[in-house]
Every structure is written in C-alpha cells, then in structure tokens.
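Could you walk me through this structure, step by step, as someone seeing it for the first time? A friendly tour in plain paragraphs would suit me well.

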Amino acid sequence: MTRIIRMFLCGFATMMVAMALPPDDYHKMPSDLGGVRELQDVLQSRLEKARAATVCVQMGANSGTGVVVSPDGLVLSAAHVVTGVSRRVDLLFEDGTVLEAHSLGLNADNDAAMLQIVDPPEGLAYVDLWKADADEWAPKTVMGTWVFALGHSGGFDETRGAVLRLGRVLRMAKDTIETDCSLIGGDSGGPLFNLDGQLIAIHSRVGRRVVKNMHVPVTAFTRDWSTLKSGEFMGDGPFAEVETIEEKVLGASLYESKTEVVVTAGFAIDGDGRPRLEAGDTIMSIGGAEVSKLEQIREFLNARSESFELGVMRGEEEMTFKVDETESE
C-alpha cells in the first residue's frame, strides 16, 4: 500500500512539472510526508529562476516589488507601487545589483503597471508569462490550485533572500485572483506563480488577514500590453493618482487632468477689476472649439490674431467670456 501511495505521489509530482496548465490533481493535498517532499522538490526546481527575476522597486523612501518578464528589461508591478507614468525608479535585485528603470503605462482601475529597465544587461534574469485564453481562467478550473508567491518587502537582505510563500487559489474573478499565500507590506507588485514556474499574477492588495490577499492576473496585463508599453495612464480607479500638468495661461493658473482643464488660482481680471476666471472653473472651449488639454489652449493662443470667446463651466452654470488680445497674455 505504501508503495502504491509513493508511486501515485511520484506520478503526481511528475505531472505538475511537465504540464503547462494544472489539472484537477493540482487541487489535492499531499497525503503523507513523501507527498510533501515531492511538492517541495517541485517548488525548489522553480525557485532559483523566480528569485533571480524578482526585484525591489525603490522610489525615494518608498518601495514595493516587481518582476522582470523579458530579456530586454520589461518589468511588471502594481499601479499603486509605481503611482504614475514616466517616473524614475531603482530596481534592486536579490544579488545586490541596482538597475535604473522608468515607469511606462499603468491601469488605475485594476492595479497593473509596467516598467522598463534603462540599460538591461546581457543575461538578465526573467520569468515566463502564463499565456492563457480567458476561458482557462474559469473558477472551476483554478479554484484550489497550488500556487506560490515571492515578495521583496523591505528591500534586499542577503541573509534572507526572497521568501517563498506557498498557498492555494481561493477565488477567481475577471481581474482578480484571491489566494491564501502569506504576504506582508512591501510585497505589493510581486509575482504569483503556478507550479510550472510561470507568472500568473501580480500582488495587488495585502489583506488585513495575512492569508487573504488579492492579485492582478497576467491576462489583465496581456489584454492591455501595447497600451501599457506605450506609457499611457489608463483608468480612474483608486490604485494611482492621475498625472496633472499645471502652468500659467490666460492670466490664471490652470491644471490639466486626464479629461479637463481647471482653474486653480491667479485669476484673470477684466477691465473693471472683476475676476473673469475663478478657482474651480473648468475651461470648456476657446474660440468656439472644445478643449480638454492645455496644449490645445496654447496652440490657439499662438495662432490667434484677434479677440476670442472663452467658454467656462462654473459649478452647474455655463459662462462665456470675451477675451481681448491684451488680456490673454
């Protein structure tokens, strides 16, 4: 009987190593110490490559985690770790190497972010993505599947290394995986792997209960891959602050958000000494053309040769001001 159990567990471990997608047997608990050791062997065979590609993402005094996913230096992390596009960061590898990178695009809705190493060295360690069709993420397929997580909380520590956290999938949604892998603060943006060593998700939210955590599946990244790589800020969700641009135009201080231009201070004054623009006004049009970017206003002012009308939304009231050439400086 013992021999039969060992043969089954050996075959089970072999299946886990060989197959690209976990079958139902991935859900089973090892039935004895031998099974535990088989599972341990599988994990150890995947760990070296995973550890070498896991990095600490450092932005000043703040840090999170990321993972390298290509030989040319693309890195995946969480939007709330990176916080914005076109930002300089340092990536700290487990062996102590520090490489400069900059943030590309992010999605503030699902907490996905991408970075690029500025000068990736030859032989850069990276992990493989699990490329799966949407149907393969069905909860009935992955519920209870064994997975493992890495984190880099607190940055590089040569005595500790990147700690492996074994767990199972608890719940599955379109852009969220929930597992019972133990994560702690600083692990956000780190990798979640299947037992084939393929990256299946990025850590997003570390739960108040240590063994209840949320991850962004790689399908959320691959779906928007080209947009993320182009450096675009997507979404209006809670995971990152919208980038803003602020400058003095039309005699007032204006800032540009993703979809509108809003007055903040430095009011433009009309001939009677009354403010035309007030803090909180949203500029809707200039010269009869709708605007949502500061660049549109600058281009119009550079090309105009006479007075023009400025359309403004103040609260729920639409207002129109006539601006003379001398007032638009």
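Glutamate 94 is buried, because its relative accessibility of 16% falls under the 20% limit for that label. Keep in mind as you look that this is a predicted model. The partner of glutamate 94 is arginine 51: the two form a salt bridge, and their closest N and O atoms are 2.6 Å apart. Where do arginine 51 and glutamate 94 lie? Arginine 51 belongs to helix α2, which covers residues 33-53, while glutamate 94 is in the loop between β4 (88-93) and β5 (98-107), so their pairing ties together parts that are 43 residues apart in sequence. Arginine 51 itself counts as partly exposed, with a relative accessibility of 26%.

This pair has company, as the count of salt bridges comes to 7. Side chains of opposite charge can pair when their charged atoms come close. Another example joins aspartate 90 and arginine 88, whose side chains meet at 2.9 Å, N to O. Aspartate 90 is partly exposed, with 23% relative accessible area. Follow these two a little further and you find a network of salt bridges that links Arg88, Asp90 and Glu100.

A further salt bridge brings together the side chains of arginine 223 and aspartate 175, at 3.1 Å from N to O. Here too distant parts of the chain are linked: arginine 223 sits in helix α5 (residues 218-223), aspartate 175 sits in the loop between β8 (164-173) and β9 (176-179), and the two are 48 residues apart. Arginine 223 is partly exposed, at 41% relative accessible area.

The two strands on either side of that loop are a good place to look next. β8 and β9 run antiparallel and are joined by 4 bridges. In this pairing, alanine 173 stands opposite threonine 176 of β9. Both strands also belong to a barrel, which 6 strands close in the order β7-β8-β9-β12-β11-β10, with antiparallel pairing. From one strand to the next, the twist averages 45°. Helix α2, the home of arginine 51, lies across β7 (146-150), β8 and β10 (191-194), and runs at about 35° to β7.

Now turn to the nonpolar side chains. Which members of the largest nonpolar core touch the most other members? They are Leu91, Ile117 and Leu199, in a core of 52 residues. Helix α2 gives the most to this core, with 6 residues. Leaving out residues up to four places away in sequence, isoleucine 117 touches Val68, Gly73, Val75, Leu91, Phe93, Leu99, Glu100, Ala101 and Leu124. Glu100 in that list is also part of the salt-bridge network with Arg88 and Asp90. There is a second, separate core as well, with 17 residues, including Val249, Leu277, Leu301 and Met319.

One last stop is aspartate 111, in the loop between β5 and β6 (112-117). Is aspartate 111 buried or exposed? Aspartate 111 is buried, because its relative accessible area is 0%. Among the residues that aspartate 111 touches, not counting those up to four places away in sequence, are Ser77, Ala78, His80, Ser204 and Phe239. With histidine 80 there is a polar contact, side chain to side chain, at 2.9 Å. Aspartate 111 and glycine 189 are 78 residues apart in sequence, yet their C-alpha atoms are 8.9 Å apart in space.

Note on methods
Residues are numbered from 1 along each chain as its sequence is written. This is a predicted model: local features need pLDDT of at least 70, side-chain atom pairs count only at pLDDT 80 or more; totals for chains, interfaces and linings use all residues. Side-chain values use heavy atoms; hydrogens and water are left out. A salt bridge is a side-chain nitrogen of Lys or Arg within 4 Å of a carboxyl oxygen of Asp or Glu. Buried means under 20% relative accessible area, exposed over 50%, partly exposed in between (1.4 Å probe, protein chains only). A nonpolar core is a set of buried Ala, Val, Leu, Ile, Met, Phe, Trp, Tyr and Cys residues joined through side-chain atoms within 4.5 Å. Contact means heavy atoms within 4.5 Å. A polar contact is a pair of N or O atoms within 3.5 Å; within protein, one must be able to donate a hydrogen and the other to accept it, and residues adjacent in sequence count only if both atoms are side-chain atoms. Two strands pair if DSSP finds at least two bridges between them. Axes are lines fitted to C-alpha atoms, for helices over the stretch in contact, and angles run from 0 to 180 degrees between N-to-C directions.
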